[in-house]
Every structure is written in structure tokens, then in C-alpha cells.
Amino acid sequence: MDIQSQANRPLYIMGYSLAGLFALWAMYQTDIFAGCATCSGSMWYPGFVEYVNIQPTLANKRIYISLGGKESRTSDRLMATVADRTKEICELLKKDNDVIYEINPGGHFADSGKRLAKAVKWIEKVASA
């Protein structure tokens, strides 16, 4: 593959935990990305749902969001909202984007490498489509 054809490939950003939140936030900062993958993203972060609500709508992006099914089972009240906040954000994004939302077994740190690998495979699939 030559340099020119590499430059024309769609770009995706991804992250896990707070980096997952960053990946989605970055989508609102620039239009350079075709999409993002956020695994166990810190969607509980104070004010983030409200932030998404007031931003210009993302459109025609491909977004992969995964969360551990037990992540909201924590004694930390703020972090315990992660599943609800993630669902809210997914619903907002689904209006104008191709969104995959996946629940994985376990908590925040369960199989993080495998979950990131699934996100990379998803990016490979959609970026080559």
C-alpha cells in the first residue's frame, strides 16, 4: 500500500476506561474520525451526558461501545451510574449513527485485552467495508 492510499483510509479512535470516554469526546472535537470504539468508557463522568446533549449531533459515524455487565455493581455512587449513562449516550448516538452496544461478562477489568481485541476487529471490519 502506498502513502497516498494510506492517507485516504478512514481513521478510528479507541480507548478503555477514561481513554474510552476520551475517544468519544474526541469525536466531538474534530471530524477527522470516521468512528470510535469505547470499551468500559467512563460515561459516569460528571456532566458528560449533558455535554453530549448540547453538542452538534454526530452523524454517519460508526461507534462501538462495550461495557461489563457488572460494572455498575460498585459502592461508589457515581461510578455505579455507568450502565445507565452509557445507555443514555447510546440512545442519543443511535439517532444519526451506526452504533453497536455490547454487554460483556464481568466487571470493569474483566478480560480487558479480549474486549479491546474485539473492538480492534470491529474497526478492521467497518474500516474496510
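The legends below describe close-up views of one predicted protein model.

Residues are numbered from 1 along each chain as its sequence is written, and side-chain values use heavy atoms, with hydrogens and water left out. Because the model is predicted, local features need pLDDT of at least 70 and side-chain atom pairs count only at pLDDT 80 or more, whereas totals for chains, interfaces and linings use all residues.

**Figure 1. The whole protein chain contains 5 helices and 4 strands.** Helices (H or I, at least four residues) and strands (E, at least two) are DSSP runs, numbered from the N terminus. Starting at the N terminus, the order of elements is α-β-α-β-α-β-α-β-α. The radius of gyration (taken over C-alpha atoms) is 15 Å, close to the 14 Å that the globule rule gives for 129 residues, so the protein chain is as compact as a globular protein of that length. The globule rule is 2.2 Å times the number of residues to the power 0.38. Taken along the principal axes, the box filled by the C-alpha atoms is roughly 50 × 35 × 20 Å. Of the 129 residues, 39% count as buried; buried means under 20% relative accessible area, exposed over 50%, and partly exposed in between (1.4 Å probe, protein chains only). The exposed surface amounts to about 7,500 Å², of which carbon and sulfur atoms supply 55%. Accessible areas come from the Shrake-Rupley method with a 1.4 Å probe, and for residues only the protein chains shown count as cover. Contact means heavy atoms within 4.5 Å. Among contacts between residues at least 6 apart in sequence, 69% join residues at least 24 apart.

**Figure 2. Helix α2 is covered by both strands and helices.** The 12 residues of helix α2 (residues 18-29) should span 16 Å at 1.5 Å a residue, and the end C-alpha atoms are 16 Å apart, which agrees. The expected span of a helix is 1.5 Å times one less than its number of residues. Buried in α2 are Gly 20, Leu 21, Ala 23, Leu 24, Ala 26, Met 27 and Tyr 28. Their cover includes β1 (11-16), β2 (33-39), α3 (48-54) and α4 (82-94). Within this helix, Ala 26 counts as buried because its relative accessibility is 6%. Not counting residues up to four places away in sequence, Ala 26 touches Ile 13 and Phe 33. Ala 26 and Ile 13 are 13 residues apart in sequence, and their C-alpha atoms are 8.2 Å apart in space.

**Figure 3. Helix α4 has its buried residues on the same side.** The residues concerned are Val 82, Ala 83, Thr 86, Ile 89, Cys 90 and Leu 93. They cover an arc of only 130 degrees around the axis, which puts them on the same side of α4; the arc is that of the directions from the helix axis to the C-beta atoms. The cover over these residues includes α2, α3, β3 (62-68) and β4. At 1.5 Å a residue, the 13 residues of α4 should span 18 Å, and this agrees with the 18 Å between its end C-alpha atoms.

**Figure 4. The side chain of Glu 71 makes polar contacts with those of Ser 40 and Arg 115.** A polar contact is a pair of N or O atoms within 3.5 Å; within protein, one must be able to donate a hydrogen and the other to accept it, and residues adjacent in sequence count only if both atoms are side-chain atoms. The polar contact with Ser 40 is 2.4 Å, and that with Arg 115 is 3.4 Å. Glu 71 lies in the loop between β3 and α4 and is buried, with a relative accessible area of 10%. Leaving aside neighbours within four places in sequence, Glu 71 is also in contact with other residues, including Met 79, Val 82 and His 108. Ser 40 belongs to the loop between β2 and α3 and counts as buried at 1% relative accessibility.

**Figure 5. Ser 40 and Asp 111 each have a positive phi.** Most residues other than glycine have a negative phi. For Ser 40, phi is near 50 degrees; for Asp 111, phi is about 50 degrees. Asp 111 is found in the loop between β4 (98-104) and α5 (112-128), and its relative accessibility of 45% makes it partly exposed.

**Figure 6. Asn 104 of strand β4 is joined to Lys 118 by a side-chain polar contact.** This polar contact is 3.0 Å. Asn 104 counts as buried at 6% relative accessibility. Residues up to four places away in sequence aside, Asn 104 touches Ser 66, Leu 67, Gly 68, Gly 69, Arg 115 and Lys 118.
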